[in-house]
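Subject: Structure for you to look at

Hi,

Here is the structure I promised to pass on. Have a look at it first, and then read on for what turned up.

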Amino acid sequence: MDIVHHILHHAVQNRQISQKDELESYFENISADVEDWPFFDEENQTNINYLQAKVGTDRFGFSSELNLDVQVDGKNAQYIISERIALDSKIEVEIDSVFKNNQKAQLKDNYVYQLIQKHKQFLKNILEKNKDSITDALIKIHAHSGEVNGIKTRGGYVWATYGFDFQDPYQLSLAKNEFQKFANEHGVEIAPKDLKYFCHPCHFAAFRTAKKVGGEELGKAFLLQHEWFGKLSAPSKKKKDEMRDYARLYHTKGKEAAEKVLSKSFLAVLNKYNHQKSSFGLFQKLFQAKKAIKR
């Protein structure tokens, strides 16, 4: 079975599914086996349904695109993933949304993290098999929180835990400026000299002080209301990759374990602001105790 047969075999009737010849024409430009396909489940632990698999072009007619809406029924939850795979001299997967439904109480899985890893491997394999025609491979996202079609989203924070970087320097600069304002509004003054150590979304996600905002740690609360554009490069030859390692540990061992792989300079800043807040809290207690004695 190839990728086209996999899509058609799992296609939902009366949905937007391109004809076999259109799908074959799209995939003939990519040397990829069905085992590489992110939605191929060799162990049959999920039930896959394609709600959309439509071939087209971008608005300028330069790149071929495959628009996908895929429903994945797992053991603990149902996911609906919407994405676009654009192909010209490079290949880009733009994940528009991931909705999670029907999660069983007290049961969690790492499906989305594993899905991201499958996408990375898919793109990496394509690069290796198409060295002469494809030069780069990226996964792109638009991270935002709020309500979409009546469903609460937490993407502004969640995508930061999956290893994504800011799409460009402007996105990073914007996040720094907005974070400084947000922190100041909630009683935490971040010094400009310390902001330079915030380099990736995972730094904002990990930042915390004794100050909570709406019950959330300061960095998480910020990302839950900040909108940003991100990217993740499929090929990574680095032995140490801060964002990749943070994502892996966050989704397998937890936030505390993930924090340990962040840069020493960022951890020094994190420790500084935690120390400041705890010292301030101690000062408050001593001051209140003195007042009580005087009375």
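One definition before anything else: contact here means heavy atoms within 4.5 Å. With that in hand, take Asp245, which sits in helix H9 (residues 242–250). Setting aside the neighbours within four places in sequence, Asp245 is in contact with Lys240 and Val261. Asp245 counts as buried, because its relative accessibility is 13% and the cut-off for buried is under 20%. Do keep in mind that this is a predicted model.

Now the overall picture. The protein chain has eleven helices and twelve strands. Of its 295 residues, 43% count as buried. The accessible surface of the protein chain comes to about 16600 Å², and carbon and sulfur atoms hold 47% of that. If you take the contacts in the chain with a separation of 6 or more, 63% of them are between residues 24 or more positions apart.

Next, the aromatics. How many aromatic pairs does the structure hold? There are 21 of them. In one pair, the rings of Phe166 and Phe204 have their centres 5.9 Å apart and their planes at 85°, so this is an edge-to-face pair; the angle needed for that is over 60 degrees. The pair links distant parts of the chain, with Phe166 in strand S9 (residues 165–166) and Phe204 in helix H7 (residues 201–206), 38 residues apart. Are these two buried or exposed? Phe166 is buried, with a relative accessible area of 4%, and Phe204 is buried too, with 0%. Both also belong to one aromatic cluster, together with Phe179, Phe182, Phe198, Phe207, Phe222, Trp228, Phe266 and Tyr273.

Then there are two asparagines you may want to pull up on screen.

Asn14 is in strand S1 (residues 11–17). Asn14 has a positive phi of about 65°, although it is not a glycine. At 81% relative accessibility, Asn14 counts as exposed, because exposed means over 50%. Asn14 and Gln52 are 38 residues apart in sequence, and their C-alpha atoms are 9.8 Å apart in space.

Asn130 lies in the loop between helix H3 (111–129) and strand S6 (137–143). Is Asn130 buried or exposed? Asn130 counts as buried, because its relative accessibility is 7%. If you leave out residues up to four places away in sequence, Asn130 touches Asn29, Ile30 and Ser31. With Ser31 there is a polar contact as well: the side chain of Asn130 reaches the backbone nitrogen of Ser31 at 3.2 Å, and the limit for such a contact is 3.5 Å.

Last, a pocket. The second largest pocket has a volume of about 380 Å³. It is lined by 20 residues, and the closest to its centre are Asp41, Gln45, Thr46, Tyr111 and Lys118. Which helix gives the largest share of that lining? That is H3, with three residues. H3 is also the helix that comes before the loop with Asn130, in case you want to view the two places together.

That is what I have for now. Shout if anything is unclear.

Cheers

Key. Residues numbered from 1 in each chain as written. Predicted model: local features only at pLDDT ≥ 70, side-chain atom pairs only at ≥ 80, totals over all residues. Heavy atoms only, no water. Helix = DSSP H or I, 4+ residues; strand = E, 2+ residues; numbered from the N terminus. Buried < 20%, exposed > 50% of the residue type's maximum accessible area, 1.4 Å probe, protein only. Phe/Tyr/Trp six-rings, centres within 6.5 Å; stacked < 30°, edge-to-face > 60°. Areas by Shrake-Rupley, 256 points an atom, 1.4 Å probe, with all protein chains shown as cover. Polar contact = N/O pair within 3.5 Å; in protein donor to acceptor, adjacent residues only side chain to side chain. 1 Å grid on protein atoms, 1.4 Å probe; cavity = no way out; pocket = protein on both sides within 12 Å on 5 of 7 lines; lining within 4 Å. Points joined across faces, edges and corners; volume = space filled by probe spheres on them.
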